Amino acid sequence: MSKYAQLVTEVREEKYLVEALKEMGYEVEVHPEGAPLGRYYSEQEDKRANIIIRRSQLHGAFGDIGFARQTDGRLVAIVDELDQQCGYGAKWLGRVQQLYKEKQTLATARAKGYILKSREVVETRDGQQVRLQFVVRR
Amino acid sequence: MEQKTITITIDEQGTAAIDLEGFEGRGCEKAFEDFRGGDRVTMERKKPAYYTNQQPEQKKSQR
């Protein structure tokens with residue numbers, strides 16, 4: 001073995017984020033220039049996002065969920081505090097990141113010529129892990 | 001020769017692990033960067049094989 005590393009997934013590529021959200025069953029709006037997130041009370045701060053899931057798609061949510069492009073290129077989730085406590089918190093976002101990372105990894109591997117040898121889903125105490133194994137084309 | 005494999009483990013907490021096996025020298029870094037995908041590295045551990053075939057800098061001898 002030659003190297004082991006741990007990473008924090010940073011969502012940067014819109015394409016794989018949209019694919020991940022669609023796989024979770026959402027219809028997604030893409031706004032390259034940004035669009036306002038819907039408010040559910042008048043005093044709520046105006047927020048804009050580039051990728052938006054409207055609340056009609058989000059069971060039990062009070063507001064829309066968006067992902068806004070930052071100056072460093074990351075797409076950061078905008079989720080109302082109430083919704084974070086109603087099923088759209090860290091666990092929901094972690095699932096989005098997991099799907100995003102899998103899609104990005106598979107696409108990158110294809111583009112760079114690596115061969116997918118296996119894909120398995122492992123149940124752990126902390127939830128499901130997706131394990132992808134690639135080999136180098138000889 | 002040992003097969004070069006890359007194992008990516010992606011969890012539900014927004015983190016992933018990359019395990020490279022059978023690589024030597026610069027090939028290891030290239031594969032790592034291919035799969036890092038712009039993510040932030042929080043921990044990195046190089047293993048003995050990483051240093052295999054890394055040529056030590058040659059001392060210039062003056063005569």
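## A tour of chains A and B

Begin with the hairpin that strand 4 and strand 5 of chain A form, where 5 residues lie between the strands, and select A:Gly73, which takes a positive phi near 95°. The model is a predicted one, in which local features need pLDDT of at least 70 and side-chain atom pairs count only at pLDDT 80 or more, while totals for chains, interfaces and linings use all residues. Residues are numbered from 1 along each chain as its sequence is written, and chains are lettered from A and ligands numbered from 1 in the order in which they are written. The helices (H or I, at least four residues) and the strands (E, at least two) are DSSP runs, numbered from the N terminus.

**The sheet of chain A**

Now select the two strands of this hairpin, strand 4 (residues 65–69) and strand 5 of chain A, which pair in the antiparallel sense over 4 bridges; two strands count as paired if DSSP finds at least two bridges between them. Within this pairing, A:Ala68 has A:Val76 of strand 5 as its bridge partner. On strand 4 of chain A there is also an antiparallel pairing with strand 3 of chain A, over 3 bridges, and here A:Phe67 of strand 4 is the bridge partner of A:Ile51.

Widen the selection to the open sheet of 4 strands in chain A, whose order is 2-3-4-5 with antiparallel pairing. Strand 2 (29–36) and strand 5 (75–78) of chain A stand at the edges with a single partner strand each, so one side of each is left without a neighbour in the sheet. From one strand to the next, the twist averages 35°.

**Helix 1 of chain A**

Add helix 1 (residues 14–23) of chain A, which packs on the sheet and touches strand 2, strand 3 (48–53), strand 4 and strand 5 of chain A, its direction making about 35° with that of strand 3. Such axes are lines fitted to C-alpha atoms, for helices over the stretch in contact, and the angles run from 0 to 180 degrees between N-to-C directions; two residues are in contact if their C-beta atoms, placed from the backbone, lie within 7 Å.

Which residues of helix 1 of chain A are buried? They are A:Tyr16, A:Leu17, A:Ala20 and A:Leu21, where buried means that 20 or more other C-beta atoms lie within 10 Å of a residue's own, exposed that 12 or fewer do, and partly exposed is in between, with C-beta atoms placed from the backbone. These buried residues cover an arc of only 135° around the axis, which puts them on the same side of helix 1 of chain A; the arc is that of the directions from the helix axis to the C-beta atoms. They pack against strand 3, strand 4, strand 5 and helix 3 (90–112) of chain A. Turn to the face directed away from the buried side of helix 1 of chain A, and you find the exposed residues A:Lys15 and A:Lys22. After the helix comes A:Gly25, whose phi is positive, near 100°.

**Two single residues**

Select A:Arg48, which lies in strand 3 of chain A and is partly exposed, with 15 other C-beta atoms within 10 Å. Leaving aside residues up to four places away in sequence, A:Arg48 touches A:Gly34, A:Ala35, A:Pro36, A:Leu37 and A:Ala68.

Next, go to A:Val79, in the loop between strand 5 and helix 2 (81–84) of chain A. Is A:Val79 buried or exposed? With 23 C-beta neighbours inside 10 Å, A:Val79 counts as buried. A:Val79 and A:Asp64 stand 15 residues apart in sequence and 7.5 Å apart in space, C-alpha to C-alpha.

**Where the chains meet**

Show both chains: the contact takes 34 residues from chain A and 39 residues from chain B. On the chain A side, strand 1 (3–8), helix 3 and strand 7 (127–135) each supply at least two residues, and the largest share, 11 residues, comes from helix 3 of chain A. Strand 1 of chain A is joined by 6 bridges to strand 3 (residues 40–46) of chain B, the two running antiparallel, and A:Ala5 has B:Glu44 as its bridge partner.

Finish at helix 1 (residues 26–36) of chain B, whose buried residues are B:Cys28, B:Ala31 and B:Phe35. Seen down the axis of helix 1 of chain B, these fall within an arc of 70°, so they line one face of the helix. They pack against strand 1 and helix 3 of chain A, together with strand 1 (5–10) and strand 2 (15–21) of chain B.
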